[in-house]
Structures are given as C-alpha cells and as structure tokens.
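Please look at the structure shown here and at how the terms used to describe it are applied.

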Amino acid sequence: MPGFELFGEQEKKQVQDVLDSGVLMRYGFDGMRNGHWKAKELEAALERRMKTEYVHLVSSGTAALTVALASAGVGAGDEVIMPTFTFVASFESILALGAIPILVDVDDTLTLDPKAVATAITKRTKVVMPVHMCGSMADLTALQSICKEHGLLLLEDACQAIGGSYNGKPLGSIGDLGCFSFDYVKTITCGEGGALITNTKSFYENAHKYSDHGHDHIGNDRGAEAHPFLGYNFRISELNAAVGLAQIDRLDDFLEIQKRNYTILREALSEIPGIVFRRVPEGGEENYSFLNFFLPSEEVARKTHAALGQNGVDGCFYWFDNNWHYYRRWEHLTQKKSLGKLPEDVLESLPDDSKSDFSASDRWVGRNISCLIKLSWTIEEVQQRAQRMAATIQSQL
Ligand SMILES: *Cc1c(COP(=O)(O)O)cnc(C)c1O
C-alpha cells in the first residue's frame with residue numbers, strides 16, 4: 001500500500017519548487033510564490049480524480065475527520081456511529097468536538113454492519129461514519145438508505161481505501177462527506193496530510209474556514225479577514241502538499257501494481273479449502289491495498305498468523321489482538337483516560353464498551369488475517385510469497 005515505497009524525482013521536483021520560492025504556507029504571499037500553489041493544485045487534482053465538487057486539504061486524516069464533522073455542525077452531545085474495527089482516529093475525531101462515539105459491530109465486509117447501525121440509532125444520532133478498512137468498502141447502498149430514512153449524514157472514512165470505487169463512483173464521494181489520509185503509510189502520501197471531499201458547498205465553506213482559525217478567506221489581506229465563527233489550525237503546509245501533488249499523479253499506477261500483486265496472492269490462496277475471502281459489497285471494487293481472508297476459527301487464525309511471521313511472510317496483521325485497530329484494546333477509551341477533564345456530555349453518555357456485546361464483530365475479526373500489498377515487490381517476489389503463504393496456511397489447517 002504505501003506510496004513512500006515509490007518516492008522519487010517527481011516528489012523532489014515538486015518540493016524543490018516550494019523551497020525555491022520559500023513560500024511554505026498555502027495562503028497569501030502571492031508576489032513571492034512564483035505561481036506555485038501546491039495545496040490548491042492538489043485540491044483541484046483531487047476534485048478531478050474523485051469526481052467531487054469540493055476538496056479541502058488539512059494536516060492529517062484525523063484532522064480531516066474532525067473538520068468534516070465540524071463542518072456539518074456536529075458538536076457536544078451528538079452521537080456518531082462508528083465501527084468496532086477501525087483506527088483510533090475515528091473516536092478521537094468525534095471526541096475532539098465533544099460528540100459521542102457509538103461503537104457498532106462489523107460484518108464479513110470488515111466494515112459497519114447496516115443492521116447493527118439501524119439498531120444503534122437514537123434521537124441524538126447525527127452521523128453514520130463507515131470506515132472502508134483495509135482497501136474495501138461498507139455496504140453504502142444500505143447505509144445510504146438508513147441515513148435517508150432517519151435524516152442522518154453519511155461520512156465515509158476512506159483513509160485506507162483511496163482509489164477504490166462503488167457502483168463506479170470513487171470511495172469517499174458517495175456519502176455527504178468523505179475523508180482521506182496522506183500520512184506516511186497510506187497508498188499515497190504527503191508525509192502528513194489529509195483531505196475532505198464533498199458536493200455540499202456549505203460544508204466546504206465551513207471546512208476551509210474552520211481549519212484556518214475561522215478566517216473567511218475573502219480578499220487578499222489576511223490580517224483584515226473576518227472570522228464568522230471559532231476555528232482551529234488544521235492547515236497543511238505547501239511542502240506536504242507538494243509531495244502529494246507528485247503522488248496523486250501516480251495513484252492509478254500504484255493501484256494497478258497493487259491489483260497485480262493482490263491477484264497473484266489471491267489466486268494462490270483460493271485453491272485452499274477452508275479459506276474464505278472478505279466480502280466486497282456488490283458493485284464495489286477494492287483498492288487492493290490488503291488481501292483479507294477468514295480462517296475457520298480464532299485459534300487457527302492466531303496460529304496461522306504466527307506461522308506466517310516465522311516463515312518470513314512479513315506484513316500480515318492479526319487485527320483482533322492489535323492495540324490500535326480493534327475495540328478490545330481500547331481501554332483508554334472505555335476507561336475515559338484523558339489528560340484533562342472530558343466534557344460532561346461525554347462523561348455522562350460515553351458507553352462503557354468493555355461491557356458491550358460485540359461477539360458478532362469478534363466472530364469475523366477474530367478469524368481474519370490481513371496482508372499488506374506492497375508496491376515494490378517484483379513479480380518473482382510476489383510469486384514466491386504466494387507459494388510460501390499457501391504452504392504455511394495449508395500446514396495450519
Ligand atoms: C490513517 C487513518 C486515519 C488517520 O489518518 P492520519 O493522517 O494518520 O491522521 C483515519 N482513519 C483510518 C481508517 C486510517 O487508516
């Protein structure tokens with residue numbers, strides 16, 4: 001998956017433009033910048049690639065989620081539905097606004113189970129936030145219809161699935177808002193960076209203001225700009241945007257390499273009885289950044305994961321035991337361990353999910369192994385890897 005594997009001349013050239021002008025900030029300094037507007041250019045490139053009206057870049061994927069929620073008016077006491085299997089950024093971005101993360105089961109897509117979402121809706125629910133984990137998507141048709149019925153917003157976290165699609169539309173562009181991360185280990189990288197995308201003008205207008213201290217961005221005297229509401233600083237720098245501008249040009253090449261490598265591995269594993277691949281909703285195409293499969297039991301999955309590591313097959317994850325991606329290890333969330341005092345709404349309403357029944361999630365995540373697809377492998381290396389993976393898995397069944 002990582003774009004850092006293929007970092008080269010294009011990236012250096014883009015960064016050099018910024019260094020030559022010395023304008024490292026995305027706003028202002030028009031006279032000094034030699035016509036270079038890297039953040040703006042990357043936003044325009046993303047608008048084209050994601051077939052979306054508005055794109056706003058920020059400093060990280062986590063910031064993109066926070067700004068997206070803020071731009072839609074989410075605040076204290078609002079409930080946001082999110083999956084048990086995701087990255088910690090999901091609940092961090094919600095809590096940052098004083099809103100309440102409501103964890104909900106995942107199914108065999110490894111993303112939000114629409115039936116579990118429907119049951120979790122209350123009067124306070126404002127947003128449903130599916131996370132397209134490990135390259136593939138949630139059942140967006142089902143989630144869209146739930147959101148429509150209950151008047152909720154759909155926010156797609158596509159940080160791990162950039163370039164994937166659903167019914168021909170880019171992931172991230174289907175919900176009311178979509179978010180991407182360009183951190184160092186994502187499919188394309190800015191070093192650090194993120195983006196939110198939307199077709200709703202008011203969300204975009206709120207987002208660019210909120211992420212820059214509330215600046216209204218009217219006129220060309222920054223100091224004279226008005227601040228229609230309170231904001232924060234989630235700006236991306238021109239240096240980071242420059243790296244992303246080189247990488248977005250390479251996204252489709254990266255996806256093609258991922259698909260080739262993924263397909264070789266998948267074909268080798270599909271011969272093995274006892275392996276079931278993760279379900280991709282009908283009409284969906286993965287971005288092929290991970291190959292995900294289920295083994296017959298938790299015990300076999302854990303053993304197989306260990307054996308893969310011992311046999312030199314690196315980059316395979318057993319998320320069930322992972323500190324960052326599965327609710328079982330989020331004791332800092334369930335025990336509400338914060339530095340300062342949390343808002344009353346959060347203290348009162350945050351469920352204690354160490355006591356919740358997520359056995360439906362456990363059934364899937366406990367049997368899942370996820371293997372990262374790298375860009376830098378040669379075909380020979382992938383073929384060797386495929387043989388070694390197949391033999392290792394077979395030996396554990
Ligand atoms: C990486 C990631 C994020 C956060 O992105 P950062 O740029 O690292 O802040 C959010 N959600 C998911 C699913 C991610 O994988």
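**Ligand contacts and a buried threonine**

Q: What makes the approach of K186 to the ligand a polar contact?
A: A polar side-chain atom of K186 lies 3.1 Å from an oxygen atom of the ligand, and a polar contact is a pair of N or O atoms within 3.5 Å (within protein, one must be able to donate a hydrogen and the other to accept it, and residues adjacent in sequence count only if both atoms are side-chain atoms), so the pair qualifies. Taken alone, the ligand exposes 380 Å², of which the protein buries 93% (Shrake-Rupley method, 1.4 Å probe).

This is a predicted model, in which local features need pLDDT of at least 70 and side-chain atom pairs count only at pLDDT 80 or more, while totals for chains, interfaces and linings use all residues. Residues are numbered from 1 along each chain as its sequence is written, and side-chain values use heavy atoms, with hydrogens and water left out.

Q: Which atoms of G61 and T62 lie by an oxygen atom of the ligand?
A: For G61 it is a backbone N or O atom, at 2.7 Å, and for T62 a polar side-chain atom, at 2.5 Å.

Q: Why is T84 called buried?
A: T84 has a relative accessible area of 0%, and buried means under 20% (exposed is over 50%, partly exposed in between; 1.4 Å probe, protein chains only), so the term applies.

Q: How do you know that the side chain of T84 makes a polar contact with the side chain of S361?
A: The distance given for this contact between the two side chains is 2.9 Å.
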